[in-house]
Amino acid sequence: MKKAPTKILKNNGKDFEIPCIGLGTFGSDKFSPEQVANAVKGAAIYGYRLFDCASVYGNEDVIGKVFADVVNEGIAKREELVITSKVWNDMHGRGDILLSCAKSLKDLRLDYIDIYFVHWPFPNYHAPGCDADSRNPDSRPFFTDEFMACWRQTERLYDMGLARSIGMSNMTIPKLEAVLPQCRIKPMVIEIELHPAFQQEELYNYCISKGIQPIGYCPIGSPNRPERDKTPEDIAATELPEVVEIANAHNIHPALVCLKWAVQRGHIPIPFSVNNYKSNLDCVLPGAPGGDPLTSEEMAEIKKADKKCRLVKGHVFLWEGASDWRALWDENGKIPGWKE
Ligand SMILES: NC(=O)c1ccc[n+]([C@@H]2O[C@H](COP(=O)([O-])OP(=O)(O)OC[C@H]3O[C@@H](n4cnc5c(N)ncnc54)[C@H](OP(=O)(O)O)[C@@H]3O)[C@@H](O)[C@H]2O)c1
């Protein structure tokens, strides 16, 4: 059986082995839980060991049956699997994170989750599938104390052994600067948007300097993301001329160039796929079909191709009076309405 190469992270002082590529499980409103679960099973049989789940993806209960089968049928031992889940924004309140984690554990049929993320750094809730222009009147800017109250609950999950490690997602440098000094348990990983058209060089380097491993979501540029998340300015990573040229030189799909770039750069891509998960794993396995690495010149070409083009803008999390979606990402280096 094939096996993705792994790397060793430091998890509150202890070693934590993690594959260098995983499988995303967000069906983007287009793929049913059963279709996603079938891909999870096929991917596990093919050699994937890292699976990125979340309560808001609405499919953990169906995927959980697959995880039970994977272990019971001897496809993988439980301790070989790295399974993530995430608390959704409407469950940040006191005691709610424990409830949310317990629900995910039950649905996923697990005794512990390997990485438990705070999905977004604020409790701004929107109904699943709502329009990008809709605003929840209860939405508010990031507030350090509010986030830390949420993180303290996540630290307790770690203390109780319900989460083997904990992580943050959709953070910025100003927000990390505000919260990291207060964390008793540091995040082992951070999950952020990363692809050749959105490389987030500064945030990436910042996380590495703090010993936090970046995991890259939308590594292929999420071509099947919900229509409401698309805007005319969006640039597709797989259509960047540099990526296309390199793909032609290797005789592979541009999506595979994006994944090779991610792994060779050092972050962990979690591509979603129901059709191409085999070639996605092969492309980062030296010796497998299409597994030859990018040259340093090709890596340099892709580095220059960055368009700083964020695809997951988060419009629906904006509060009344916010300028536009850039306010969510502290683009002028400051947290809007920041309170100490
Ligand atoms: N933390 C967060 O806030 C957050 C946000 C967004 C996403 N995520 C996570 O990141 C995962 C990945 O992001 P994503 O699903 O939005 O986008 P993505 O992985 O960039 O793109 C997935 C799409 O690419 C296609 N694809 C995959 N491999 C391909 C290949 N070799 N050739 C051609 N097409 C290929 C897939 O189609 P096929 O199925 O046909 O292969 C699928 O439609 C999600 O599933 C989720 O787990 C997390």
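**Two helices, a core and a ligand shell**

In helix α1, the buried residues are V36, A37, A39, V40, A43 and A44; here a residue is buried if 20 or more other C-beta atoms lie within 10 Å of its own, exposed if 12 or fewer, and partly exposed in between, with C-beta atoms placed from the backbone. These residues cover an arc of only 155 degrees around the axis, which puts them on the same side of α1. The arc is taken over the directions from the helix axis to the C-beta atoms. The structure is a predicted model, in which local features need pLDDT of at least 70 and side-chain atom pairs count only at pLDDT 80 or more, while totals for chains, interfaces and linings use all residues. Residues are numbered from 1 along each chain as its sequence is written. Helices (H or I, at least four residues) and strands (E, at least two) are DSSP runs, numbered from the N terminus.

The length of α1 can be checked too. The helix has 14 residues (residues 33-46), which at 1.5 Å a residue should span 20 Å, and its end C-alpha atoms are 20 Å apart, in agreement. The expected span is 1.5 Å times one less than the number of residues. The cover over the buried residues of α1 includes β3 (23-24), β4 (50-52), α2 (60-72) and α9 (277-282), where contact requires C-beta atoms, placed from the backbone, within 7 Å. After α1 comes G47, with a positive phi near 130 degrees.

Helix α4 can be described in the same terms. Its 16 residues (residues 144-159) should span 22 Å at 1.5 Å a residue, and the end C-alpha atoms are indeed 22 Å apart. The buried residues of α4 are F147, C150, W151, Q153, T154 and L157. They cover an arc of only 150 degrees around the axis, so they sit on the same side of α4. D145 and D159, on the other side of α4, are exposed. Among the elements covering the buried residues of α4 are α3 (96-108), β6 (115-118), β7 (166-169) and α5 (173-179). G161 follows α4 and has a positive phi, near 80 degrees.

Attention now turns to the core. The largest nonpolar core holds 90 residues, and V40, Y48, C258 and L259 have the most contacts inside it. Such a core is a set of buried Ala, Val, Leu, Ile, Met, Phe, Trp, Tyr and Cys residues joined through C-beta atoms within 7 Å. Leaving aside neighbours within four places in sequence, L259 is in contact with I21, P219, P269, P271, N280, C283 and V284.

The ligand is surrounded by 30 residues, of which G24, Y217, S222, N224 and F272 come nearest; a residue is near if its C-beta atom, placed from the backbone, lies within 6 Å. Two or more residues of this shell come from each of α8 (254-265) and α9. By class, the shell has 13 nonpolar, 14 polar and 3 charged residues.

Two residues other than glycine deserve a closer look for their backbone angles. D29, in the loop between β3 and α1, has a positive phi of about 65 degrees. With 14 C-beta neighbours inside 10 Å, D29 counts as partly exposed. D330, in the segment after α10 (296-304), has a positive phi near 50 degrees. D330 is buried, with 20 other C-beta atoms within 10 Å.

Key
Contact = placed C-beta atoms within 7 Å. Nonpolar A, V, L, I, M, F, W, Y, C, P; charged D, E, K, R; others polar.
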